[in-house]
Amino acid sequence: MIKVLFVCLGNICRSPTAEGVFTHLITQEKLTDKITVDSAGTLGFHSHSQPDSRAQSAALKRGINISHLRARQVTREDCYEFDYILAMDKDNYATLQSLCPPAQRDKIRLFLDFAPQINRREVPDPYSGGAHGFELVLDLVEAASVGLLADIRHQHL
Ligand code: 4NP
């Protein structure tokens with residue numbers, strides 16, 4: 001089993017969106033017996049919360065229901081448990097690098113590095129902005145999900 005963890009700050013906007021989009025993709029591709037997906041936040045502040053209602057609505061417009069997801073804080077155990085630990089931005093990346101022991105740090109990547117064609121390395125935090133930010137999160141996450149799946153197929157399947 002290949003285990004993928006998406007990480008943002010709150011685990012209520014970007015990383016649950018990525019979890020929903022990537023789960024949708026691997027379900028379409030009939031790979032749910034080979035790949036598992038989870039998400040977490042570097043902050044514990046929103047633990048147990050549902051995804052932000054704006055993230056839920058934006059995902060649902062694209063046919064993806066994320067209402068069942070609940071936020072949690074990333075742990076040191078996650079560094080060992082997961083094969084891919086994917087940070088939404090450079091702050092999350094730095095936090096994960098400090099959390100995880102040196103031998104586990106190669107697993108930590110910027111998620112958008114799986115979509116080099118989009119010329120962005122970070123998924124912008126949409127929390128304090130308008131609806132457009134949530135559409136952008138979906139566009140970026142959809143593009144990087146395709147690249148991530150190609151990488152997993154190439155490396156592992
Ligand atoms: P996320 O968005 O990291 O994409 O889940 C945020 C959610 C909450 C906060 C910041 C970002 N916050 O500061 O409460």
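**Notes on the predicted model, starting from a loop**

1. Let's begin out in the open: His48 is exposed, with a relative accessible area of 68%. You'll find His48 in the loop between β2 and α2. Its backbone deserves a look too, since His48 has a positive phi of about 75° although it isn't a glycine. Bear in mind that this is a predicted model.

2. Lys30 makes a good companion to His48. Lys30 sits in the loop between α1 and β2, and its phi is positive as well, about 55°, again without the residue being a glycine. At a relative accessible area of 70%, Lys30 counts as exposed, because the cut-off for that word is over 50%.

3. Now for the inside. Which residues have the most contacts within the largest nonpolar core? They are Val4, Phe6, Phe22, Ile35, Phe111 and Leu148, in a core of 39 residues. Two or more residues each come from β1 (2-8), α1 (14-28), β2 (35-41), α2 (53-61), β3 (84-87) and α5 (131-156). The top contributor is α5, which gives ten residues. There's also a second, separate core of twelve residues, with Cys79, Leu96, Cys100 and Ile108 among them. As general background, nonpolar side chains in soluble globular proteins tend to be buried together.

4. If you want one residue to click on in the main core, try Phe6. Setting aside neighbours within four places in sequence, Phe6 is in contact with a list of residues that includes Ala18, Phe22, Val37, Leu86, Phe111 and Leu148. Polar and charged partners turn up as well, including Ser15, Glu19, Asp38 and Ser39.

5. Next, helix α2. At its start, a side-chain oxygen of Asp52 reaches to within 2.8 Å of the backbone nitrogen of Arg54. Further in, Ala55, Gln56, Ala58 and Ala59 are buried, and the buried residues of α2 pack against α1 and α5. After the helix comes Gly63, with a positive phi near 85°.

6. Is Leu69, in the loop between α2 and α3 (76-81), buried or exposed? Leu69 is buried, with a relative accessible area of 13%. Not counting residues up to four places away in sequence, Leu69 touches Pro16, Glu19, Ser49, Gln50 and Pro51. From Leu69 to Asp38 it's 31 residues along the sequence and 9.3 Å in space, C-alpha to C-alpha.

7. On to the ligand. Around it are Cys8, Leu9, Gly10, Asn11, Ile12, Cys13, Arg14, His46, Asp125 and Tyr127. By class, that shell has five nonpolar, three polar and two charged residues. A few close pairs involve oxygen atoms of the ligand: one is 3.2 Å from a backbone N or O atom of Asn11, one is 2.8 Å from an N or O atom in the side chain of Arg14, and one is 3.4 Å from a polar side-chain atom of Asp125. On its own, the ligand has 360 Å² of accessible area, and the protein covers 88% of that.

8. Last, a closer look at Arg14, which is placed in helix α1. Arg14 is a charged residue, yet it counts as buried, because its relative accessible area is 2%. Its side chain makes a polar contact with the side chain of Asp89, at 2.9 Å. Leaving out neighbours within four places in sequence, the contacts of Arg14 include Cys8, Leu9, Met88, Asn92, Val123, Asp125 and Val137.

Technical notes: Residues numbered from 1 in each chain as written. Predicted model: local features only at pLDDT ≥ 70, side-chain atom pairs only at ≥ 80, totals over all residues. Heavy atoms only, no water. Core = buried A, V, L, I, M, F, W, Y, C linked by side-chain atoms within 4.5 Å. Buried < 20%, exposed > 50% of the residue type's maximum accessible area, 1.4 Å probe, protein only. Helix = DSSP H or I, 4+ residues; strand = E, 2+ residues; numbered from the N terminus. Contact = heavy atoms within 4.5 Å. Polar contact = N/O pair within 3.5 Å; in protein donor to acceptor, adjacent residues only side chain to side chain. Near = heavy atom within 4 Å. Areas by Shrake-Rupley, 256 points an atom, 1.4 Å probe, with all protein chains shown as cover.
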